[in-house]
Amino acid sequence: FTFSERSGSNKITFSTSNSKLTTVCEGSGRLSVKQFIHEAFLPAGFPQSVSPDYLSYQMWDSIQAAASSLSGIMASRAVLTTIGVGNETATPTAAVINWMIRDGTGMVGRITFSWYQGTDLDCNAKFWRMFADVTNDFAFAMDIISPQLPSYIHLPIMCGSSVLRSLVGVAGGATRASVTEHQARRNNMGDVSAKDSSQETAVSLFGLLLGLVITPYIDTDTKTYFAFVILTLLHIFSNYRAVSSLVMDKLNRQRAFIQVERFLTTFDGQNGQVYTPSEVSKKENLYYSDNIKLGASLKSISDKENWTTSKDLDKAVASLLENSFYISADSENRKFCVAYSETASTRDILRSYFKVSIRIAKNKLTGTVLGAGEDVLFEKFMAGLEEKGWTTKAHLMGVGEWRCSLKGNK
């Protein structure tokens, strides 16, 4: 028999014949250029250790990083001009103070944005990734035009671009973590993140070297604006292609609604059809919003429904005890609030959203669907998702933190 082992381009084969062991080594044993590139810039075990969309995403992400690096060089030159580099009347102290105010404003913006939007960054990673890079382009644009503006608005412009860049730091960093978690398939988030950082550093270095060559030739405002527009268009296009290539296998609200609508409209009395993750990826939009509040407080629901007697509360408590959630809807089934008990699981949250989606899509449903029990439909729906390769033990539904608990006997 023969037995072999492999590491990179090196392969060792063991074979036995008449109780004699033979060992054959293939490969130089030395680190070749190709092997170095593979080991330095790709996660160990590539491509089996990462998601199928890894290569396409990283390719487009590298292109956008190169374009952003070149735009950043032009923006940095403009900022230095704005704070007085080359101006004999400007003092170092004034330049440092302006820079400190600029950075301080950005820090405040970073903290505020993290507080205001932090919980949504995981749920809508594609949108916020695109938001981060488009916002970065706006920040660069403000920096580049600042030298042409009156001196009394230089500081506000610099502070504005710093705030925008702080949003980029929060949104870009958070969504990068979400993408890394999606790409890592062998509990290797650290390795995937490190190699992504290596790729970005290499691309930035390439952009720096290219910038050293071309920057002296971009010596007029017209050339600067023209180059910036071209780089910005390339940057935005590459980012769009990068986020569009991601095939997420966890349900967020948009993916869940696409799947529920597909299942309900194809239900034939026995079963319905659902899409694969790659099919949903082609159908989802970058931006999505709805009128559904998941994880609402029971107090907000009682105020909205104008509870006046104990029977109103009893109805909600009964649903929370039986289903681990209570659904409240307006008279036209357009706005929904869902309260959860403290025992609500991932499956309960998905089941509540499934039931809300049925109410939203009610006008499109046939009698066959309406005649079937919602819980039966949900179990068939979940079985279809698991069969198509969806992760159902976790979700990205964007649920609030309010939870209900019952003390005493009911």
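**A tour by selection**

Being four residues apart in helix 11 (residues 298-305), Asp 303 and Lys 299 are separated by about one helical turn. Select these two residues to start. The model is a predicted one, and the pair is joined by a salt bridge whose closest N and O atoms are 2.8 Å apart. Lys 299 counts as exposed because its relative accessibility is 54%. The structure holds 18 salt bridges; two others come up below.

**Helix 13 and helix 15**

Select Lys 355 and Asp 375 next. Lys 355 forms a salt bridge with Asp 375, with 3.3 Å between the closest N and O atoms. This pair links distant parts of the chain: Lys 355 is in helix 13 and Asp 375 in helix 15, 20 residues apart. Is each end buried or partly exposed? Lys 355 counts as buried, at 11% relative accessibility, whereas Asp 375, at 38%, counts as partly exposed. Add Asp 348 and Arg 351 to the selection: together with Lys 355 and Asp 375 they are linked in a network of salt bridges.

**Aromatic pairs**

Now show the aromatic side chains. The structure holds 14 aromatic pairs. One of them is formed by Phe 113 and Phe 131, which are stacked, with 6.1 Å centre to centre and 10° between the planes. Phe 113 lies in helix 3 (residues 92-117) and Phe 131 in helix 5 (residues 125-145), so the pair ties together parts that are 18 residues apart in sequence. Phe 113 counts as buried at 9% relative accessibility, while Phe 131, at 25%, counts as partly exposed.

Go back to helices 13 and 15 for another pair. Phe 354 and Phe 381 form an aromatic pair that is tilted, with 5.1 Å centre to centre and 35° between the planes. Phe 354 is in helix 13 (residues 346-360) and Phe 381 in helix 15 (residues 374-387), 27 residues apart, and the pair links distant parts of the chain. Both Phe 354 and Phe 381 are buried.

Then return to Phe 113 and Phe 131 and widen the selection. Which residues form one aromatic cluster with them? The other members are Phe 127, Trp 128 and Tyr 287.

**Helix 7**

Select residues 189-214, which make up helix 7. Helix 7 has 26 residues and reaches 37 Å from its first C-alpha to its last, close to the 38 Å expected at 1.5 Å a residue.

Which residues of helix 7 are buried? They are Val 192, Lys 195, Asp 196, Gln 199, Val 203, Gly 207 and Gly 211. Show helix 1 (33-41), helix 2 (54-82) and helix 6 (154-183) as well: the buried residues of helix 7 pack against these.

Within helix 7, pick out Lys 195 and Asp 191. Their side chains meet in a salt bridge (3.1 Å, N to O). Lys 195 and Asp 191 are four residues apart in helix 7, so about one helical turn separates them. Lys 195 is buried, with a relative accessible area of 13%, whereas Asp 191 is partly exposed, with 22%.

**Last stop: a nonpolar patch**

Select Leu 205, Phe 206, Leu 208, Leu 209, Leu 210, Leu 212, Val 213 and Ile 214, and show the surface. These residues form a nonpolar patch there, with about 740 Å² of accessible area together. Leu 209, one of them, lies in helix 7. Leu 209 counts as partly exposed because its relative accessibility is 48%.

Conventions: Residues numbered from 1 in each chain as written. Predicted model: local features only at pLDDT ≥ 70, side-chain atom pairs only at ≥ 80, totals over all residues. Heavy atoms only, no water. Patch = residues over 30% accessible without salt bridge, like charges linked within 9 Å, V, L, I, M, F, W, Y side chains within 5 Å. Areas by Shrake-Rupley, 256 points an atom, 1.4 Å probe, with all protein chains shown as cover. Salt bridge = Lys/Arg side-chain N within 4 Å of Asp/Glu carboxyl O. Helix = DSSP H or I, 4+ residues; strand = E, 2+ residues; numbered from the N terminus. Buried < 20%, exposed > 50% of the residue type's maximum accessible area, 1.4 Å probe, protein only. Expected span 1.5 Å × (residues − 1). Contact = heavy atoms within 4.5 Å. Phe/Tyr/Trp six-rings, centres within 6.5 Å; stacked < 30°, edge-to-face > 60°.
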